[in-house]
Amino acid sequence: MSYRPCGNYHQYYKQDHAWWQTKFVWGKMILLFIAVFYLFPQFAGMYLISIANVVGYTILSAMGVQLLIGYCGQVTLGHAAFLAMGAYTCTLLMLQLHIPYPIAMVMGGIVGGLWSVLFGLPSARVKGFYLIMTTMAAQFLTVEFFITQYVSQIGGRGVAFSIPPGAVKIGPWMIKDDKDVYYLMVILVVLLTVIMANLVRSKIGRAWIAIRDNDIAAETMGVNIVLYKLLAFFVAGFFGGIAGAFWVTSLAAVSPEHFHFGWSLWLVGVILIGGVGSIHGTIFGALFMTLIPEGLKFLIFVLTQNPVFVDIMPFLPLLLEKFLFVKEAAFGLAIALFLIYEPNGISYRWWQIKNYFNLWPFSY
Amino acid sequence: MRIKMVIAISFILCFFSSLALSQEVRVGALQDTTGATSDVGKDEALGVREATQYFNDTGGINGKRIRLFQYDYGYRVPEAITTYKRFRDYDKVVMVLGWGTGDTEALSPTINADKMPYLSSSFSGHLCDPKKTPYNFVYGTDYSTNARGAITYWFEEVWKKDPKWKELRDKGTKPKFVCFIDTASPYATAPIKAIKDQATILGFDIGPDQNVSLFALDTKSQVIAAKGFGANLVWHGNTTMSVSAAVKDASALGLGADHIVNNWGFDENLPKLGGPAAEGVIGLLGCALFIDEYPAKSRVIEYAKKLNPGIPLENRLIRTVQGWVKVGMAVEAMKKADKAGKLNGPGIKDAFETFKDWPGLKEYGGQLVTLTPTDHRYSSIVRVARVIKGKPQTIGEIDMKAKFPDRWAGWLGW
């Protein structure tokens, strides 16, 4: 393995800023890309691909929450509203004005971003619990009122909009099945991760982190905190809008029910579990929050459907009725245990594991 | 020698068990037993399981055993989607028994692409137009027809005849109408366009919709708004718990209007939860109440006692019977498809579309079912009931196709 030798420092900033600094890391990342772009879609089967799509959607949705809470310190409990704006903008532009999907998606992102700025305006004056209340207002005003009462009624469609088959395409590439959605998801996740990672290590990112750590100190250092807070809201809303527009391809339908308050809370849960202030954390959190319930579902099916288990333990079918809470409780317990034993999130544990192996055998 | 024998026996067992497995028909069922509509979903899930056991005990699908994959998705749309995809790709089911309007409508493009027959507990009128949703089927009169029928019945039988409204009638006042719905719920909002169209046809004065959550415990502000409008008739589009809260508040605040409740909000629990306030409330029934007299009652009770002895019969609801209706209709379609040698998605769809005045659901107090390749509305007959002396009782039926023959075809897909 070719580690960077101890005491051998970089000569140029370019080297110092490189994401992948050693050949080993390059090799690792190339393998990851091969796995994600070729091996997984080739061999995983449609069911696992559809779960991967939900993981990807969760990553895209939570990225903006990570930016706001993890990097800029602006707590948000209304992020589903910006997803909804993106999803509906994209859908309406495609259905009503027949605008191509990629443009509609970017427009969805921009509308999500501007909508987010609108509800970010109070952040110029309030913070903490008060900001939570204003972002919650975004959720209810946008989804329950604006979208349900007005936007959903455009074209006389009622609540749910269906996208006709073949409507979602990027140039000649038609997004028609889960595998196409998967490739789109992976491309979007990579793109947004790159944008986010570059933003947080730029001047803008440093300003956000300064605001998160101490906004008064940041202001005294000359950071225009209102501008940067609003910029954070815009970028987070843009990411949310893109996530919402992606969801449209995954389902070929959109309804206000997909963007309820529970989803906003869920996204905060994703970054708390994954690790606040870490891009890796967003990905780990999304994996955890999607795969654990899916794993529990798998377990419940095995335990209640397999005649061998049911013969040995006849009480198992009760898991489908009287002990339904077991699955929910197991999930809740997993979250609680994580917060107790690993309050810094999975990304911190990942960092520790990586360090252990990097320093091995002299890890003390 | 002994080891060889064990291996040989294992192989034989594996062979026979695989034979047995190949003789099964896999069916997926999405249920809500913990989520927003679990107040009605729990009982329906029991009915689905008990009915499946009964049909298995009486020969399954032409000798093939039904293997039911039943799963609670907690009314969460993303979980419904991943579970559906599990059913499709992992469990390899031939059809799905679905639940909510939100997830059924969300999944509709996907199931069409997958050619997966989907018999849903959502009776949304949007799912009945085969041009748009060829693989969706419902097992009750659709919400839109029901809603149109209910207010038509009320207009003709209550508004025009009840002494309560005589004064307003004599003055020539138009009935004032308001909807109490969870505006973010596709289930609650599905028939609103149709009901308002019907209200316009009947000459009602339509007031602003009142947003009442599916979880609502307090609806006073909505009742006060309806009272301010002077509502004479309120349509409740939510499920039982929310409806009972609204009915109680309406009574406490002296709203004075009549109430009509969609079928998932009207059951044996409504008078229990609503108390005296629920007396006189009108509602829609898709089939017989659990406590009613219907030909299959002894069978339904036998399997309820046999499979779920811990649940007292007095706590059972119409939802159990609806579970039987759902499975009964699915089984009939699968039997027909199997006989035709096409026990697959398109085969089951074709089998459903051959139903012509099928009487199988009469045993459960359902209607004669007619489905065609151009119309998936299960029936045009609307069954209206009313809470009388603390018990929901059928008070009449109205055939919307016969009553509005010129409009009936145009209402498809509303």
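In the predicted model, the domain assignment of chain B yields domain 1, comprising residues 2-141 + 291-379, and domain 2, comprising residues 144-285 + 383-411. The centres of domain 1 of chain B and domain 2 of chain B, taken over C-alpha atoms, are separated by 30 Å. Contact between the two domains of chain B involves 19 residues of domain 1 and 20 residues of domain 2. On the side of domain 1 of chain B that touches domain 2 of chain B, at least two residues each are supplied by α2 (38-57), α4 and α13 (318-339) of chain B. Helix α4(B) gives the most to this side, with three residues. By class, this side of domain 1 of chain B has five nonpolar, 10 polar and four charged residues.

The contact between the chains takes 29 residues from chain B and 32 residues from chain A. On the side of chain B that touches chain A, two or more residues are given by each of β2 (65-72), α3 (77-91), α4 (101-114) and α7 (186-189) of chain B. The largest share of this side, nine residues, comes from α3(B). The residues of the side of chain B that touches chain A comprise 11 nonpolar, 12 polar and six charged. Helix α4(B) thus appears both among the elements facing chain A and among those of domain 1 of chain B that face domain 2 of chain B.

In chain A, the secondary structure comes to 15 helices and four strands. The C-alpha trace of chain A spans about 60 × 55 × 45 Å along its principal axes. For 364 residues, a compact globule would have a radius of gyration near 21 Å, and the 22 Å of chain A agrees with this.

Within chain A, the packing of two helices was examined. The axes of helix α3 (residues 46-71) of chain A and helix α10 (residues 225-251) of chain A come within 7 Å and cross at roughly 170 degrees. Because angles over 145 degrees count as roughly antiparallel, α3(A) is roughly antiparallel to α10(A). The crossing in which α3(A) passes α10(A) is left-handed. Residues of α3(A) in this contact include Asn53(A), Tyr57(A), Leu60(A) and Leu67(A), while those of α10(A) include Phe233(A), Phe239(A), Phe246(A) and Trp247(A). Glycine occurs on both helices of the contact, with Gly64(A) in α3(A) and Gly237(A) and Gly240(A) in α10(A). The residues of the contact of α3(A) with α10(A) divide into 14 nonpolar and six polar, with no charged residues.

How values were computed. Residues are numbered from 1 along each chain as its sequence is written. Chains are lettered from A and ligands numbered from 1 in the order in which they are written. This is a predicted model: local features need pLDDT of at least 70, side-chain atom pairs count only at pLDDT 80 or more; totals for chains, interfaces and linings use all residues. Two residues are in contact if their C-beta atoms, placed from the backbone, lie within 7 Å. Ala, Val, Leu, Ile, Met, Phe, Trp, Tyr, Cys and Pro count as nonpolar, Asp, Glu, Lys and Arg as charged, and the others, Gly among them, as polar. Domain bounds come from an automatic or database domain assignment. Axes are lines fitted to C-alpha atoms, for helices over the stretch in contact, and angles run from 0 to 180 degrees between N-to-C directions. Angles under 35 degrees count as roughly parallel, over 145 as roughly antiparallel, 65 to 115 as roughly perpendicular and the rest as oblique. A crossing is left-handed if the near helix is turned anticlockwise from the far one by less than a right angle, and right-handed if clockwise. The radius of gyration is taken over C-alpha atoms; the globule rule is 2.2 Å times the number of residues to the power 0.38.
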